[in-house]
Amino acid sequence: MEDDIQEEVRSQFKDRGLGGWQLLQLTAGSGLALYAVWAGVLMPGFRRVPLKLQVPYMPASKAQVCNVMTLLKGRSGGIADLGSGDGRIVLEACHQGFSPAVGYELNPWLLRLSRFYAWRAGHHRSVSYQREDLWKVDLSTYKNITVFLAPSVLSLLQKKLLAELPEDALIVAGRFPFPDWTACKVEGEGADRAWAYHIQELRQHY
Ligand SMILES: C[S@@+](CC[C@H](N)C(=O)[O-])C[C@H]1O[C@@H](n2cnc3c(N)ncnc32)[C@H](O)[C@@H]1O
């Protein structure tokens, strides 16, 4: 019975002539569809950002958010998440009393999603999601910074943070640590780990 079905399918493909050309078309079609999702959903708004600075969207896990918040315990004032994705870190920071709680993000879909989640949580007046390139934002007023970015980008971001942040600022990095800095505190394990850095200590060493 099974052999009959297999034979039928085989002969159908044979009849329709699914040869090399069709396979090539199928592969090219799938490739194009994947590219469309990449360009249209994950990376829109990045046209003016140099390729080496582009970081695709990947949301922080629940444990990662929790570890970031643990490292921020006892802190207050303004907070900015650089590359805020769907806004989960900013929203949680707002829950914990940080104000202003701001997310900078270039992807318009993620900004819409962030605003929807904030509205659903009843915090739409307390958080702010701004469509801005994180490299162009003036960070001098933020005492707390969170990032979840690629290691290659973090090494370039070090310079900006050292130059702009106030002396009492704390930086928390999720998933990837800053490559050239030693953290003052680490929370969590594996992919959910987070690292905290006091800007004052960093300025003494670097
Ligand atoms: C790995 S995701 C992290 C998202 C979020 N912070 C979280 O922890 O769930 C990095 C985010 O940074 C954003 N991003 C990358 N480069 C950016 C830039 N130059 N300016 C603003 N956002 C940027 C991406 O669109 C993406 O949503």
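Here are short questions and replies on a predicted model of a protein chain with a ligand.

Residues are numbered from 1 along each chain as its sequence is written. In this predicted model, local features need pLDDT of at least 70, side-chain atom pairs count only at pLDDT 80 or more, and totals for chains, interfaces and linings use all residues.

Me: Which pattern does the protein chain follow along the sequence?
Reply: Helices (H or I, at least four residues) and strands (E, at least two) are DSSP runs, numbered from the N terminus. The protein chain has seven helices and seven strands. Read along the sequence, the pattern is α-α-α-β-α-β-α-β-β-α-β-β-β-α.

Me: In what order do the strands of the open sheet stand?
Reply: Two strands pair if DSSP finds at least two bridges between them. Seven strands form the open sheet, and the pairing is mixed. The order is β3-β2-β1-β4-β5-β7-β6.

Me: Which strands stand at the edges?
Reply: Each edge strand has a single partner strand, so one side of each is left without a neighbour in the sheet. The two are β3 (127-131) and β6.

Me: What angle does the direction of α4 make with that of β2?
Reply: α4 packs on the sheet and touches β1 (79-82), β2, β3 and β4. Contact here means C-beta atoms, placed from the backbone, within 7 Å. Axes are lines fitted to C-alpha atoms, for helices over the stretch in contact, and angles run from 0 to 180 degrees between N-to-C directions. For α4 and β2 the angle is about 175°.

Me: Which residue in β5 is the bridge partner of Thr 146?
Reply: β4 is joined to β1 by four bridges, and the two run parallel. On that side, Asp 81 has Thr 146 as its bridge partner in β4. Four bridges also join β4 to β5, again parallel. In β5, the partner of Thr 146 is Val 172.

Me: Which residues of β4 are buried on the side opposite Asn 144 and Thr 146?
Reply: A residue is buried if 20 or more other C-beta atoms lie within 10 Å of its own, exposed if 12 or fewer, and partly exposed in between, with C-beta atoms placed from the backbone. Both faces of β4 are covered. Asn 144 and Thr 146 are buried on one side. On the other side the buried residues are Ile 145 and Val 147.

Me: Which residue in the turn between β6 and β7 has a positive phi?
Reply: β6 and β7 pair in the antiparallel sense over three bridges. Lys 185 has Ala 196 as its bridge partner, and Val 186 stands opposite Trp 195. The two strands form a hairpin with six residues between them. The turn residue with phi of about 85° is Gly 188.

Me: Within what arc do the buried residues of α3 fall?
Reply: In α3 (residues 62-71), Gln 64, Val 65, Asn 67, Val 68 and Leu 71 are buried. They line one face of the helix, because the directions from the helix axis to their C-beta atoms fall within an arc of 160°.

Me: Which elements are included in what covers the buried residues of α3?
Reply: One helix is included, α4. The strands included are β4 (144-147), β5 (170-174), β6 (185-187) and β7 (194-198).

Me: Is Phe 98 buried or exposed?
Reply: Phe 98 is in the loop between α4 and β2. Leaving aside neighbours within four places in sequence, its contacts include Ser 76, Gly 78 and Asn 144. It has 24 C-beta neighbours inside 10 Å, so Phe 98 counts as buried.

Me: What is omega for the cis peptide bond of Ser 99 and Pro 100?
Reply: Most peptide bonds are trans. Pro 100 is in the loop between α4 and β2. The cis bond joining Ser 99 and Pro 100 has omega of about -5°.

Me: Where does Arg 175 lie?
Reply: Phi of Arg 175 is near 70°, a positive value in a residue other than glycine. Arg 175 is buried, with 22 other C-beta atoms within 10 Å. Its place is the loop between β5 and β6.

Me: Which elements give two or more residues to the shell around the ligand?
Reply: A residue counts for the shell if its C-beta atom, placed from the backbone, lies within 6 Å of the ligand. 24 residues surround the ligand, with Tyr 57, Ala 60, Gly 83, Gly 85 and Phe 148 the closest. The elements asked for are α4 (88-95) and β2 (101-105).

Notes:
Two residues are in contact if their C-beta atoms, placed from the backbone, lie within 7 Å.
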